[in-house]
Amino acid sequence: MQDEYRTVARAGVHETEVNRSRFLCALAPAATEQEAQDFIAGVRKEHADATHNCFAYVIGADAAIQKASDDGEPGGTAGVPMLQMLLRRDMRYVVAVVTRYYGGVKLGAGGLIRAYGGAVGEALDSLGTLTRRRFRLASVTVDHQRAGKIQNDLRATGREVRDVHYGEAVTIEIGLPDADVESFRAWLADATAGTAGFTLGGEAYGDA
């Protein structure tokens, strides 16, 4: 697994104009290829009257799935520069659709490449990006007397408390960077006089 990746902070649309042609770049996070395709279909439906609806998406922290479409623009002048911009910015789990309304002035191949790639770059700048880091899921099990203090200590030290379950004991689900696992185990034993349970789970990504 990649240690970290970047994605778009939120879904949104940014508009630019190049030689009277309007370029609307719609960006959204997409957890799966199906989500990306659903988003593209939604934009195409909304802008069915547009000259072109070109798209690019990157799915997977390792960019395993990459797709792009020129949607009728000359080959390699729209979808590919959009995809290249996403990859140059290290973007993952993201979909971009650039809708063009032709303004009567031909841009030429170089102009189209700059316009489509630039629309994606400007949209990323406008909407913002965030970094997500890989971490280990872990469970801490403590008695009810210590649970409140442990939760407060976890939050005070910047640990991500993901969930809390109350039963005979209290189970606190947390996320830890791999490098912190052993030092955390030692801290927990010290903080609870060795009474806490600690179980490592799988891996996931969270906001850095």
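**Helices, strands and buried side chains in a predicted model**

Trainee: Is lysine 149 buried or exposed?

Mentor: This is a predicted model, and in it lysine 149 sits in helix H4, residues 144-156. Its relative accessible area is 57%. The cut-off for exposed is over 50%, so lysine 149 is exposed.

Trainee: How far apart are the C-alpha atoms of lysine 149 and tyrosine 166?

Mentor: Along the chain, lysine 149 and tyrosine 166 are 17 residues apart. In space, the separation of their C-alpha atoms is 15 Å.

Trainee: At what angle do H4 and helix H5 pack?

Mentor: H5 covers residues 181-191, and its axis is 12 Å from that of H4. The two helices cross in a right-handed way. Their packing angle is about 145°.

Trainee: Which residues of H5 make the contact with H4?

Mentor: H4 supplies Arg146, Ile150, Asp153 and Leu154. By class, the contact of H4 with H5 holds 6 nonpolar residues, 2 charged residues and no polar ones. On the H5 side, the residues are Phe184, Trp187, Leu188 and Ala191.

Trainee: At what angle do the axes of helix H2 and helix H3 cross?

Mentor: H2 is residues 79-88 and H3 is residues 108-127. Their axes come within 8 Å, and the crossing is right-handed. The angle is roughly 35°.

Trainee: How many nonpolar residues are in the contact of H2 with H3?

Mentor: From H2 come Pro81, Met82, Met85 and Leu86, and from H3 come Ile113, Tyr116, Gly117, Val120, Gly121 and Leu124. None of the residues in this contact is charged, and 2 are polar. The nonpolar residues number 8.

Trainee: What do the buried residues of H2 pack against?

Mentor: The buried residues in H2 are Gly79, Pro81, Met82, Leu83, Met85 and Leu86. Of these, Pro81, Met82, Met85 and Leu86 are also named in the meeting with H3. Besides H3, the packing partners are strand S3 (21-29), strand S4 (52-59), strand S5 (65-69) and strand S6 (94-101).

Trainee: Which residues does the UniProt annotation "domain: Impact N-terminal" cover?

Mentor: The annotation comes from an unreviewed UniProt entry. Over the annotated stretch the chain is 39% helix and 29% strand, with its end C-alpha atoms 22 Å apart. The residues covered are 20-124.

Trainee: Why does serine 21 count as buried?

Mentor: Serine 21 is in strand S3. It touches Thr16, Arg100, Tyr101, Tyr102 and Gly103, leaving aside residues up to four places away in sequence. Buried means under 20% relative accessible area, and serine 21 counts as buried because its relative accessibility is 0%.

Trainee: The backbone nitrogen of which residue lies 3.0 Å from a polar atom of the side chain of serine 21?

Mentor: Gly103 is one of the residues that serine 21 touches. The backbone nitrogen at 3.0 Å from the serine 21 side chain belongs to glycine 103.

Trainee: How far is the backbone oxygen of histidine 47 from a polar atom of the side chain of asparagine 53?

Mentor: Asparagine 53 is in strand S4, and at 5% relative accessibility it counts as buried. Apart from residues up to four places away in sequence, asparagine 53 touches Val43, Arg44, His47, Asp71, Val97, Val98 and Thr99. The distance from the histidine 47 backbone oxygen to the polar side-chain atom is 3.2 Å.

Trainee: What is the phi of alanine 63?

Mentor: Most residues other than glycine have a negative phi. Alanine 63 lies in the loop between S4 and S5, and counts as buried at 10% relative accessibility. Although it is not a glycine, alanine 63 has a positive phi, about 60°.

Trainee: What is the phi of aspartate 71 near?

Mentor: Aspartate 71 lies in the loop between S5 and H2. At 30% relative accessibility, aspartate 71 counts as partly exposed. Its phi is positive, in a residue other than glycine, and is near 45°.

Trainee: Which aspartate follows H2?

Mentor: The residue in question has a positive phi, near 60°. It is aspartate 90.

Trainee: How far apart are the C-alpha atoms of glutamate 203 and glutamate 182?

Mentor: Glutamate 203 is in strand S10, residues 197-207, and counts as partly exposed at 36% relative accessibility. Along the chain, glutamate 203 and glutamate 182 are 21 residues apart. Their C-alpha atoms are separated by 16 Å.

Technical notes: Residues are numbered from 1 along each chain as its sequence is written. This is a predicted model: local features need pLDDT of at least 70, side-chain atom pairs count only at pLDDT 80 or more; totals for chains, interfaces and linings use all residues. Side-chain values use heavy atoms; hydrogens and water are left out. Axes are lines fitted to C-alpha atoms, for helices over the stretch in contact, and angles run from 0 to 180 degrees between N-to-C directions. Helices (H or I, at least four residues) and strands (E, at least two) are DSSP runs, numbered from the N terminus. A crossing is left-handed if the near helix is turned anticlockwise from the far one by less than a right angle, and right-handed if clockwise. Contact means heavy atoms within 4.5 Å. Ala, Val, Leu, Ile, Met, Phe, Trp, Tyr, Cys and Pro count as nonpolar, Asp, Glu, Lys and Arg as charged, and the others, Gly among them, as polar. UniProt positions are given in the numbering used here, feature names are shortened, and annotations may be inferred rather than shown by experiment. Buried means under 20% relative accessible area, exposed over 50%, partly exposed in between (1.4 Å probe, protein chains only). A polar contact is a pair of N or O atoms within 3.5 Å; within protein, one must be able to donate a hydrogen and the other to accept it, and residues adjacent in sequence count only if both atoms are side-chain atoms.
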